[in-house]
Every structure is written in structure tokens, then in C-alpha cells.
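Visitor: Pick one part of this structure and take me through it closely. I would like to start at the beginning of the chain and see where the trail leads.

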Amino acid sequence: MDKKRKIGTTGYCMGGPLVFQTAAAVPNRVGAGATFHGGGLVTDKPDSPSLLIPAMKAQYLIAIAENDDQKQPDAKTRLREDFDKAHLKAEIEVYKGTMHGWCPPDSQVYNQEQAQKAWDRLLVLFKGALA
């Protein structure tokens, strides 16, 4: 195993905060992180995952379900501000027409077109950040 190479990490739903925690815990190892309909990335609590952004060094993809954005419309703005302050590249997008859980093919709200778009964006992220 080459410990000098960066790794990528992904999380769906409650796995989203784990992506942030992992990237903050080992910033020299994590080169890319992605969350898909990540839950609880921005909270008003002292352990909000968004507060970990300054400790990270990776590039990110934050794929937000449209109905999650409707419930917490300021989250994407706060994430953008926090990533910008940390000088980290982050693609933060609300995926139109999606509901929380849209990525897994066995989900009742699976959206094939938008899930494929998110997967394609993940591959672009990994290719650029982990090469």
C-alpha cells in the first residue's frame, strides 16, 4: 500500500458526515470526498460536520437532493462559504427533481438520470483529485 497516495471517500445520507469526519481526521491522506443526499452536514450544534471544513485539504462533490434543499435551503450557501474560506475546491449542487435517497438503484425514489450525473461527477472528481 502506497501511503503517499491520496484516497477518496464517499457517503450517502448519514454517511455524508462521516466523509467530513474522515477528511478532517486524516487530511493528508484524503484527496477527495463526496456526499450524495448527505444528511446533517450543516447544523447549529457545536459538532456540525461543516465546522470540520477548515481542517480538510481535499476536493469535494456535495450532491444535494431537491427536497433536502427545500427543507434546509441555506445549507448549500453555508457550505459554499465554508469551502471558499478554507480555499477548497467544492462542487455543490442541488440535483433537480430528486428526493432524498435518489442515488441507490434499489431506492423507491431512485432517479436514474440524476444518479448517473452524480456518478459521472464523482468520477471527474476522483480523476482530478486522486491522479
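Guide: Lys 4 is exposed, at 77% relative accessible area. That value, like every other here, comes from a predicted model. Lys 4 sits in the segment before strand 1. Take Val 26 as a reference point: 22 residues separate Lys 4 and Val 26 in sequence, and their C-alpha atoms are 12 Å apart in space.

Now step into the strands. Strand 1 covers residues 7-12 and runs parallel to strand 2, with 6 bridges joining the two. One facing pair fixes the register: Gly 8 stands opposite Ala 32 in strand 2. Between these strands the chain passes through helix 1, residues 15-25, and the resulting β-α-β crossover is right-handed.

Strand 2 deserves a longer stop. How many of its residues are buried? The count is 7 of the 7, across residues 30-36, so strand 2 is largely enclosed by the rest of the structure. The cut-off behind that count is under 20% relative accessible area. A general point helps in reading such a strand: side chains in a regular strand alternate between the two faces of the sheet. Strand 2 also pairs with strand 3, residues 59-65. That pairing is parallel too, over 5 bridges. Here Ala 34 stands opposite Leu 61 in strand 3. Strand 2 therefore has strand 1 as one parallel partner and strand 3 as another, and its residues are buried, 7 of 7.

Look next at the loops that follow these strands. Cys 13 is in the loop between strand 1 and helix 1. Its phi is positive, near 55°, and Cys 13 is not a glycine. His 37 lies in the loop between strand 2 and strand 3. It also has a positive phi, about 45°, and is not a glycine. Why flag these two angles? Because most residues other than glycine have a negative phi. Their surroundings can be read from accessibility. Cys 13 is partly exposed, at 27% relative accessibility. His 37 is buried, at 3%.

Turn to the charged pairs. The whole structure holds 6 salt bridges; here are some of them. Lys 76 and Asp 69 meet through their side chains at 2.7 Å, N to O. Lys 76 is partly exposed at 27% relative accessibility, while Asp 69 is buried at 14%. Arg 78 forms a salt bridge with Asp 82, with the closest N and O atoms 3.8 Å apart. The cut-off for a salt bridge is 4 Å. Why do these two partners lie about one helical turn apart? Because Arg 78 and Asp 82 are 4 residues apart in helix 3, residues 75-85. Arg 78 counts as partly exposed, at 27% relative accessibility. Asp 82 counts as buried, at 16%.

Glu 93 and Lys 117 make another salt bridge, at 2.4 Å, N to O. Glu 93 is in strand 4, residues 90-95, and Lys 117 is in helix 4, so this pair ties together parts that are 24 residues apart in sequence. Both partners are partly exposed: Glu 93 has a relative accessible area of 23%, and Lys 117 has 29%.

That brings us to helix 4, residues 112-130. Gln 114 lies in this helix. Is Gln 114 buried or exposed? It counts as buried, at 12% relative accessibility. Leaving aside residues up to four places away in sequence, Gln 114 touches Tyr 95, Lys 96, Thr 98 and Trp 102.

Leu 123 is found in helix 4 as well. Its relative accessible area is 42%, so Leu 123 is partly exposed. Which residues join Leu 123 in a nonpolar surface patch? Tyr 12 and Trp 119 do, and the three together have about 310 Å² of accessible area. Tyr 12 leads back to the start of the walk: strand 1 takes in residues 7-12.

Conventions
Residues are numbered from 1 along each chain as its sequence is written. This is a predicted model: local features need pLDDT of at least 70, side-chain atom pairs count only at pLDDT 80 or more; totals for chains, interfaces and linings use all residues. Side-chain values use heavy atoms; hydrogens and water are left out. Patches are made of residues with over 30% relative accessible area and no salt bridge: like charges are joined within 9 Å, nonpolar side chains (Val, Leu, Ile, Met, Phe, Trp, Tyr) within 5 Å. Accessible areas come from the Shrake-Rupley method with a 1.4 Å probe; for residues, only the protein chains shown count as cover. Buried means under 20% relative accessible area, exposed over 50%, partly exposed in between (1.4 Å probe, protein chains only). Two strands pair if DSSP finds at least two bridges between them. A crossover is right-handed if, with the strands pointing away from the viewer, the path from the first strand over the helix to the second runs clockwise. Contact means heavy atoms within 4.5 Å.
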